[in-house]
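This report describes selected parts of one protein model together with its bound ligand. It begins with strand pairing, moves on to the ligand shell, and ends with three individual residues.

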Amino acid sequence: MKSYDVVVVGAGNAALCAAISARESGAEVLVLERAPKHKRGGNSYFTDGAIRFAYNDLDDIRKLIPELTGEQAGKIVMPTYGTEDYYQDLMRVTGGESKPELAEQLVNLSYQTIRWVKEQGVEFELNYSNQSFEKDGKYQFWGGLPVKTKNIGMGLMAALFSRAEEIGIDIVYEARAIELKKEDQRISSVIVEMLEQTIEVNTSAVVLACGSFEANEGMRKKYIGEEWGAAIVRGTEYNTGDGLTMALAAGAQPFGEWSGCHAIGTDYQAPRVGDFSKPGDIFKKHSYPLSIMVNQEGHRFVDEGADFRNYTYAKYGKEILKQPGHVAYQIYDQQVRPMLRKEYNLEEATYHKADTLGKLADQLPVNKQQFLETIEEYNGAVMEGNYNPTVKDNKGTQGITPPKSNWALPIEKGPFFAFPVTCGITFSFGGLKVSPNAEVLDENEQPIPGLFAAGEMVGGIFYGNYPGGSGLMSGAVFGKLSGNTAVSYIQAARTVH
Ligand SMILES: Cc1cc2nc3c(=O)[nH]c(=O)nc-3n(C[C@H](O)[C@H](O)[C@H](O)COP(=O)(O)OP(=O)(O)OC[C@H]3O[C@@H](n4cnc5c(N)ncnc54)[C@H](O)[C@@H]3O)c2cc1C
């Protein structure tokens, strides 16, 4: 194979942003995608396309969505979400662990990067259904996440692939990078398994953007915990940690929370790895604050109504994994069933339904006596009050452990429903140490000449949790940066040699 200025490993959002920015800077670029073409695009393809960036006002948003008419704009209330708001959200959800030099880069470059992503042909729309509510005839946006990509992750990736192809980036599929080679301490080539052959591609710079290790059962068990072997993989099956393994072998410094990941409660019958023919976030089950969750022993194990789901879903996914058989049942009655989110009505949603709680228990592999006792005890503990799922209504329970702090209604009106859920891993937080310009650093904090990283491979930004929509933004910011930095590195190296 011919040699390239820059080889980008992976073909998700971060990788294609890296490839496009390197190409824009004049480099000859090759993208290596481990997946076959019909499974290209990584976790980015599976996303809802929600993307978080800092903005001042609706005018900033309208630059991304120019088709928004004046009339539509007049019906929108869009509170400012500035860089300080974004930074504080990032620090809050990571318990202050996010590394300031990387967090600042993500936040401060977010708006200019999203404008650049738009210039590449990616289209955006307002996320009315998840991020706004109607009041006095206006859509009030909240939560700093008003925008998503058109046609979710599929639309994002289709636009980036089409741009990459248009500007002459070579992309090869079923090409798995397995090793980095150096000459005079500089990256000089990548070894690739391709079509049952092992080939060497010569290059001056490599951008690693091939995900973390969420799809590698052995690495999950080793770094996150034994029970994580049982987790469902919500996204691509190809992010098995190859990039991390290659980089560490080349002297890179591991960084970030290798024992951490993002995970959620997901349909027990969801595919073991993400199904590219059914992308989109269709297996989550996010109405659990209105439920009680019961394990196989018939016990509750979390305060389902502790807070809005935005603040509990990541940690409750992990709690479900700890339950016997890694399964829990979300229980609803007919009063609540019509209020459940749209994913409960998809044909993919699996559930049990019965006229009585006893008959429901008969359909489940649960300890029936304890199951019925738990519900009876819960029903007896529900306090009076105004039930209102749109606010934290303080209509909780009294005298049971764990409590249910909000949205408690007795489960008494048939038919009754049980939605079985398990834990689905979104991505792991283990990554590499990089400079704010995406250079991969060695154990002495020095850049490894010719090695760059972006996306999930950047360690040190997310700990414990992440503010929704920041995975794509981090990929775009560090992807674009890594492509630029790689080209500057090549130019500087050519001047010297
Ligand atoms: C169901 C789901 C919904 C999500 N929703 C959102 C959302 O709405 N907003 C948000 O911000 N984030 C969301 N996320 C998180 C988001 O997907 C990730 O943070 C982000 O997409 C990671 O981008 P990336 O480019 O680093 O990795 P990926 O997009 O996963 O790309 C990695 C690429 O590397 C390739 N690869 C792996 N190993 C090799 C190898 N050895 N050689 C060559 N190629 C290789 C893979 O095939 C893939 O193409 C979601 C994730 C999931 C799973």
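Two strands are taken to pair if DSSP finds at least two bridges between them. The model is a predicted one, and on this criterion strand E1 (residues 4-9) and strand E2 (residues 29-32) run parallel and are joined by four bridges. Within this pairing, valine 8 has valine 31 of E2 as its bridge partner. Together with helix H1 (residues 13-24), E1 and E2 make a β-α-β unit that is right-handed.

E2 also pairs with strand E8 (residues 170-172), again in the parallel sense, over three bridges, and here leucine 32 has valine 172 of E8 as its bridge partner. The two faces of E2 are both covered, since Val29 and Val31 on one side are buried, as are Leu30 and Leu32 on the other.

**The ligand and its shell**

Around the ligand there are 39 residues, of which Glu33, Asn43, Ser44, Asn239 and Asp242 come nearest. At least two residues of this shell are supplied by each of H1, helix H2 (42-46), strand E9 (175-183), strand E18 (416-428) and helix H15, and the largest share, four residues, comes from H2. Polar atom pairs between protein and ligand include those in the table.

| Residue | Protein atom | Ligand atom | Distance |
|---|---|---|---|
| asparagine 13 | polar backbone atom | oxygen | 3.4 Å |
| aspartate 242 | polar side-chain atom | nitrogen | 2.8 Å |
| glycine 471 | backbone N or O atom | oxygen | 3.3 Å |

On its own the ligand has 1000 Å² of accessible area, and the protein covers 98% of that area.

**Three individual residues**

Which element holds serine 482? Serine 482 lies in helix H15, which spans residues 470-496, and H15 is also one of the elements that supply at least two residues to the ligand shell. Serine 482 counts as buried because its relative accessibility is 0%, where the cut-off for burial is under 20%. A polar atom of the serine 482 side chain lies 2.7 Å from the backbone oxygen of glycine 479. When neighbours within four places in sequence are left aside, the contacts of serine 482 are Ala18, Val207, Asn437, Ala438, Phe452, Ala453 and Ala454.

Serine 189 belongs to strand E10 (residues 186-194), and with a relative accessibility of 1% serine 189 likewise counts as buried. Which side chain makes a polar contact with the side chain of serine 189? The partner is the side chain of glutamate 200, at 2.6 Å. Residues up to four places away in sequence not being counted, serine 189 touches Glu179, Leu180 and Lys181 as well as Glu200, Val201, Asn202 and Thr203.

Valine 434, by contrast with the two serines, is placed in a loop, between strand E19 (431-432) and strand E20 (439-441). Is valine 434 buried or exposed? Its relative accessible area is 4%, so valine 434 is buried. Beyond its neighbours within four places in sequence, valine 434 is in contact with Leu102, with Glu439, Val440 and Leu441, and with Ala453 and Val458. Valine 434 and glycine 459 are separated by 25 residues in sequence, while their C-alpha atoms are 7.6 Å apart in space. Ala453 appears among the contacts of valine 434, and Ala453 is also one of the residues in contact with serine 482.

Terms used
Residues are numbered from 1 along each chain as its sequence is written. This is a predicted model: local features need pLDDT of at least 70, side-chain atom pairs count only at pLDDT 80 or more; totals for chains, interfaces and linings use all residues. Side-chain values use heavy atoms; hydrogens and water are left out. Buried means under 20% relative accessible area, exposed over 50%, partly exposed in between (1.4 Å probe, protein chains only). A polar contact is a pair of N or O atoms within 3.5 Å; within protein, one must be able to donate a hydrogen and the other to accept it, and residues adjacent in sequence count only if both atoms are side-chain atoms. Contact means heavy atoms within 4.5 Å. A crossover is right-handed if, with the strands pointing away from the viewer, the path from the first strand over the helix to the second runs clockwise. A residue is near a molecule or strand if one of its heavy atoms lies within 4 Å of it. Accessible areas come from the Shrake-Rupley method with a 1.4 Å probe; for residues, only the protein chains shown count as cover.
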